[in-house]
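Student: Please take a close look at the aromatic rings in this model. How are they arranged, and what surrounds them?

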Amino acid sequence: MAEAISPRENVRALQRALYVAAKRNGRRKFPALYDRIARPDVLQEAWEQVRRNKGAAGIDGETLKAIEAQGVEQVLAELRGLLESGKYRPQATRRVYIPKPGRPKERRPLSIPRVRDRIVQTAARLVLEPIFEASFLPCSYGFRPRRSAHQALEAIRKEVNAGSRWVVEVDFRDFFGSLDPDLLLGLAARRISDRRVLRLIRKWLRAGVMEDGVTISTATGVPQGGAISPLLSNIYGHALDALWAKEASHLGTIVRYADDAVILCRCEADAQQAYRWLQGRAQALKLVLHPDKTRIVDLRDGAGGFDFLGFHLRLVRSRKYGRWYCQRWPSARAMASIRAKIKAITAPRSRLKQPIGVLVAELNPVLRGWGNYFRWGNSSEKFFQIDSYVQERLALFDSKKHQKRGRRWGKAHNHAWFAGLGVHPLSGMVRYYQSATASM
């Protein structure tokens, strides 16, 4: 008796077929996608991904547990019926604000769709993503299957080591909030001719956001937080990538991660020309470059450096070989961010009644997650600094807990005491990619 094929395997087979067809013909438009979004196996796989990603409730207050209590099959059947009858209407997203990493006084908006809308958005992404992935260029690394921030950083390191000494830092002001809906739909229509799918995307763009109980309609932008938002932003960003490849690739190499990008050039003249090209094309795409954060950086002889995806990148001269190598380590903002998190756990006086082990148990996941991201680079010195800071904060906590003053180094708080706490160490975690050829 043949084994039943799981919904996940069905969806992957569909994705492979769509990718192959889109890759075989770069100009092909796909006319019949809406029914595939409404397929039971696609909706089932979409639910599984939404469930794994967890997340809060939208404006209706319905949680993942509420969906499970009602019955997942029943909810998916209702969504399928609404899609097939054309009666599906997304609700406004719930707007919240979260602190920007390393900038606690600044906040960025995050839009949380209701769970049911997240399921439909995820189903649409499962069907549409393979089609657009076939066209996306290698210079794009953000929110794409089997691509990562570390790969983008490694591409930069190799390019700089190969001789690119001038960098154009690219910063778009409110990128997600500035995306023009009509232009975005026009870009999507280059591969999608199914009008029902385009109307579905338009509904999400026009759903609006609810803030403090008031629904605000949005004329522009893609709300950050939706399952479909990363794909839509990449469709928009691909327009810039394609224009660069067609018109300006002779000036240098572009590396883009969603709305963060750098252009690596071999001479100042090329960097200046790339900067001017970027200004013109950004305006054509209705994007605004941040005047203070978009700049040209001279990397020669370690004169300058730049931040990208949480790392600071700079040329450092090897004492052994006398050559300049591009190295990276956690940026000042990343260091400030992890210190703030450590202090938030260890500083409150209200926690003095708790055992120090409770704090350690809370600290370890934070340190482990931060360390796993920044371990790929030249972070040994920065990791030692954070280890020392953790030891200091815990020593101060223990002193206050026992009504003592100071850090009491070498007395109560020595190496053996700290080692016995079981704090996750950052030192020794650093890993390196295969070295690239350096330039003089």
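Tutor: What follows deals with the aromatic rings, then with a helix contact and a histidine.

This is a predicted model, in which local features need pLDDT of at least 70, side-chain atom pairs count only at pLDDT 80 or more, and totals for chains, interfaces and linings use all residues. Residues are numbered from 1 along each chain as its sequence is written, and side-chain values use heavy atoms, with hydrogens and water left out.

Rings of Phe, Tyr and Trp (its six-membered ring) pair if their centres lie within 6.5 Å; planes under 30 degrees apart count as stacked, over 60 as edge-to-face and the rest as tilted. The count by this rule is nine aromatic pairs. One of these, Phe311 with Phe374, is tilted, with 4.8 Å from centre to centre and 55° between the planes. Phe311 belongs to strand E10 (residues 311-317) and Phe374 to helix H14 (residues 356-374), so this pair ties together parts that are 63 residues apart in sequence. Helices (H or I, at least four residues) and strands (E, at least two) are DSSP runs, numbered from the N terminus.

Both Phe311 and Phe374 are buried; buried means under 20% relative accessible area, exposed over 50%, and partly exposed in between (1.4 Å probe, protein chains only). Tyr373 and Phe374 make an edge-to-face pair, because their planes stand at 90°, with the ring centres 4.8 Å apart. Phe374 has a relative accessible area of 6%, whereas Tyr373, at 25%, counts as partly exposed. Phe311, Trp370, Tyr373, Phe374 and Phe383 form one aromatic cluster.

Charges also sit over rings, which requires NZ of Lys or CZ of Arg within 6 Å of the ring centre and within 35 degrees of the ring normal. Arg147 lies over the face of Tyr141, 4.3 Å from the ring centre. Arg339 has its charged end over the ring of Tyr389, at 5.8 Å from the centre.

A helix contact also involves a tyrosine: Leu183, Leu184, Leu187 and Ala188 in H9 meet Leu232, Ile235, Tyr236 and Ala239 in H11, where contact means heavy atoms within 4.5 Å. The residues of this contact divide into eight nonpolar, no polar and no charged; Ala, Val, Leu, Ile, Met, Phe, Trp, Tyr, Cys and Pro count as nonpolar, Asp, Glu, Lys and Arg as charged, and the others, Gly among them, as polar.

Finally, His290 is in the loop between helix H12 (268-284) and strand E8 (295-298). Leaving out residues up to four places away in sequence, His290 touches Asp171, Phe172 and Arg173.
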